[in-house]
Amino acid sequence: MKIVLVSICSLVLLNMNAQSEAYQKQKAEKIAAGSVFTKIVNREAPATIVYEDEDVIAFLPLRPQAKVHYLIVPKKEIHTVNDLEEEDALVMGKLFLVAKKLAKQFNIAETGYRLAMNINEDAGQSVFHLHLHFLGGEKLPPMLPRKEKE
């Protein structure tokens, strides 16, 4: 009897941590349609490109959230951090090296900048091609409101 209860509790906990059905459907549809970032890499969609090499591209997003805001994207389409393979380690490191170059290029290396990735539903990921947000050029607000201690 205890085994059955544990199994049922495990299923309930797993279900609580799952993505919503609507999000899973939207994610699957977007992945099947292909990434807009891959279209930018292949020059099938326009973008203001500020950096490019054989592995990485960086460009202005459609809706900038800061005075300086670029998306740093691996050319290989990787849907989320959860989909990374060992072979992707070098390109992931390269994303951060490109951020360092952009910070220097835009004169914000010393004043500061933010790097952020949104992964899946709870973080608000809407494009399923891994990308690093590079934000700066002004005093940025906290990423999340501070919670009072309970």
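In this short talk I will go from the overall build of this protein to its largest pocket. Please keep in mind from the start that what we are looking at is a predicted model.

Let me begin with the fold as a whole, where the protein contains five helices and five strands, and where reading along the sequence gives the order α-α-α-β-β-β-α-β-α-β. If we take the contacts between residues at least 6 apart in sequence, we find that 57% of them join residues at least 24 apart. As for burial, the protein has 150 residues, and 31% of these count as buried, while the accessible surface amounts to about 10,600 Å², with 57% of that area belonging to carbon and sulfur atoms.

Now to the empty space. Rolling a probe the size of a water molecule over the atoms reveals where such space is left. In this model the largest pocket holds about 850 Å³ of space, and of the 29 residues lining that pocket, R63, Q65, H69, L71 and H133 are the closest to its centre.

Which elements supply at least two residues each to this lining? They are the helix α3, at 36-41, together with the strands β3, at 68-74, β4, at 113-116, and β5, at 132-136. Among the contributors, α3 gives the largest share of the lining, namely three residues.

Finally, if we sort the lining of the largest pocket by class, we count 18 nonpolar residues, alongside nine polar and two charged ones. That is where I would like to stop, with the pocket in view.

How values were computed
Residues are numbered from 1 along each chain as its sequence is written. This is a predicted model: local features need pLDDT of at least 70, side-chain atom pairs count only at pLDDT 80 or more; totals for chains, interfaces and linings use all residues. Side-chain values use heavy atoms; hydrogens and water are left out. On a 1 Å grid over the protein atoms alone, a cavity is a set of points where a 1.4 Å probe fits but cannot get out, and a pocket is an open set with protein on both sides within 12 Å along at least five of seven lines; lining residues have an atom within 4 Å of a point. Grid points are joined across faces, edges and corners, and a volume is the space filled by probe spheres set on the points. Helices (H or I, at least four residues) and strands (E, at least two) are DSSP runs, numbered from the N terminus. Ala, Val, Leu, Ile, Met, Phe, Trp, Tyr, Cys and Pro count as nonpolar, Asp, Glu, Lys and Arg as charged, and the others, Gly among them, as polar. Buried means under 20% relative accessible area, exposed over 50%, partly exposed in between (1.4 Å probe, protein chains only). Contact means heavy atoms within 4.5 Å. Accessible areas come from the Shrake-Rupley method with a 1.4 Å probe; for residues, only the protein chains shown count as cover.
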